[in-house]
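Me: I've got a model open and want to get my bearings before heading back to the bench. Can we go through it together?

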Amino acid sequence: MLLSFVVTFIFTRVYTRLARIRGWRSTSINGVHTHHLVFGLVIAFFAAALEFALLPKAGWLKLTLAGLFGGGAALVLDEFALAVHLEDVYWEKEGRKSVDAVIIGAIFGLLFLLHTAPFGRSADLPRMLLTIAQLINMAFVLTAALKGKLYLASFGVFVPLLAIVGAIRLAEPGSIWTRLIYKTNDKHLRAVARYSRYERTWRPRKEFLLDIVGGKTGRPRQRPGQSR
């Protein structure tokens with residue numbers, strides 16, 4: 001599933017870049033532009049439905065369904081930003097959310113592949129103690145997510161220390177936490193000042209890496225007769 005996910009994402013981005021450069025027409029059904037998000041949903045749902053219906057044991061069928069689901073998931077997450085904004089922002093700045101979603105999805109898949117569980121191999125802990133620890137950790141995970149620390153929140157599910165770090169750090173200026181909690185107090189001003197330095201120093205480096213992975217932002221000029 002992980003291999004199919006990564007390979008599908010790579011081939012999809014290669015194709016969309018070539019289509020962008022060469023002006024290839026996008027896929028359409030009955031004249032309606034159809035994003036590969038739609039095909040991904042169909043493929044992933046189809047594979048999941050067969051998995052539940054057939055419950056195949058280890059073998060080629062299970063391997064095939066896992067590959068189909070991974071490929072479908074990659075097609076969906078590659079246009080995650082379109083589902084969030086409900087408009088075509090694939091090559092816009094907002095489209096970076098898709099690359100973030102794919103990176104998080106791939107790392108989650110790697111953690112599952114390595115059989116990584118929250119709190120590690122915790123089977124020897126009493127169930128009540130483990131449940132309490134997980135609930136406390138999820139509170140940190142939720143706080144980190146509300147503060148805009150999505151990477152720390154996601155990986156904090158498996159590594160609690162990361163969730164704690166994300167929860168105690170200043171929230172990002174545009175996060176839900178800032179709008180509801182900070183508002184216009186001193187912490188809001190500190191957050192704005194800190195992330196203005198981040199935007200100057202680290203944002204260009206992050207954008208450079210994202211350009212390599214997902215392609216540069218900015219929609220090319222439309223040629224006569226070329227669809228979006």
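**Getting oriented**

Reply: Sure. Going from the N terminus, the elements of the protein run α-β-β-α-α-α-α-α-α-α-α-α-α. Keep in mind that this is a predicted model.

Me: How many helices and strands does the protein have?
Reply: The order from the N terminus is α-β-β-α-α-α-α-α-α-α-α-α-α. Tallied up, that secondary structure comes to eleven helices and two strands.

Me: What share of the residues in the protein is buried?
Reply: Here buried means under 20% relative accessible area. The protein has 228 residues, and the buried part of them is 31%.

Me: Of the area the protein exposes, what percentage do carbon and sulfur atoms supply?
Reply: The protein exposes about 14,700 Å² in total. Carbon and sulfur atoms account for 70% of that.

Me: How far apart do the centres of the positive and negative side chains lie?
Reply: For the count, Lys and Arg are positive, while Asp and Glu are negative. That gives 30 positive and 14 negative side chains. The centres of these two sets are separated by 3 Å.

Me: Which residues lie closest to the centre of the largest pocket?
Reply: The largest pocket holds about 1,200 Å³ of space. It is lined by 34 residues, and the ones closest to its centre are Asp100, Gly148, Glu172, Arg203 and Lys206.

Me: And which elements give two or more residues to that lining?
Reply: You'll want to look at several helices here. Those giving two or more residues to the lining of the largest pocket are H4 (80–85), H5 (96–113), H7 (150–156), H9 (176–182), H10 (186–201) and H11 (203–214).

Methods: Residues are numbered from 1 along each chain as its sequence is written. This is a predicted model: local features need pLDDT of at least 70, side-chain atom pairs count only at pLDDT 80 or more; totals for chains, interfaces and linings use all residues. Side-chain values use heavy atoms; hydrogens and water are left out. Helices (H or I, at least four residues) and strands (E, at least two) are DSSP runs, numbered from the N terminus. Buried means under 20% relative accessible area, exposed over 50%, partly exposed in between (1.4 Å probe, protein chains only). Accessible areas come from the Shrake-Rupley method with a 1.4 Å probe; for residues, only the protein chains shown count as cover. The place of a charge is taken as NZ of Lys, CZ of Arg, CG of Asp or CD of Glu. On a 1 Å grid over the protein atoms alone, a cavity is a set of points where a 1.4 Å probe fits but cannot get out, and a pocket is an open set with protein on both sides within 12 Å along at least five of seven lines; lining residues have an atom within 4 Å of a point. Grid points are joined across faces, edges and corners, and a volume is the space filled by probe spheres set on the points.
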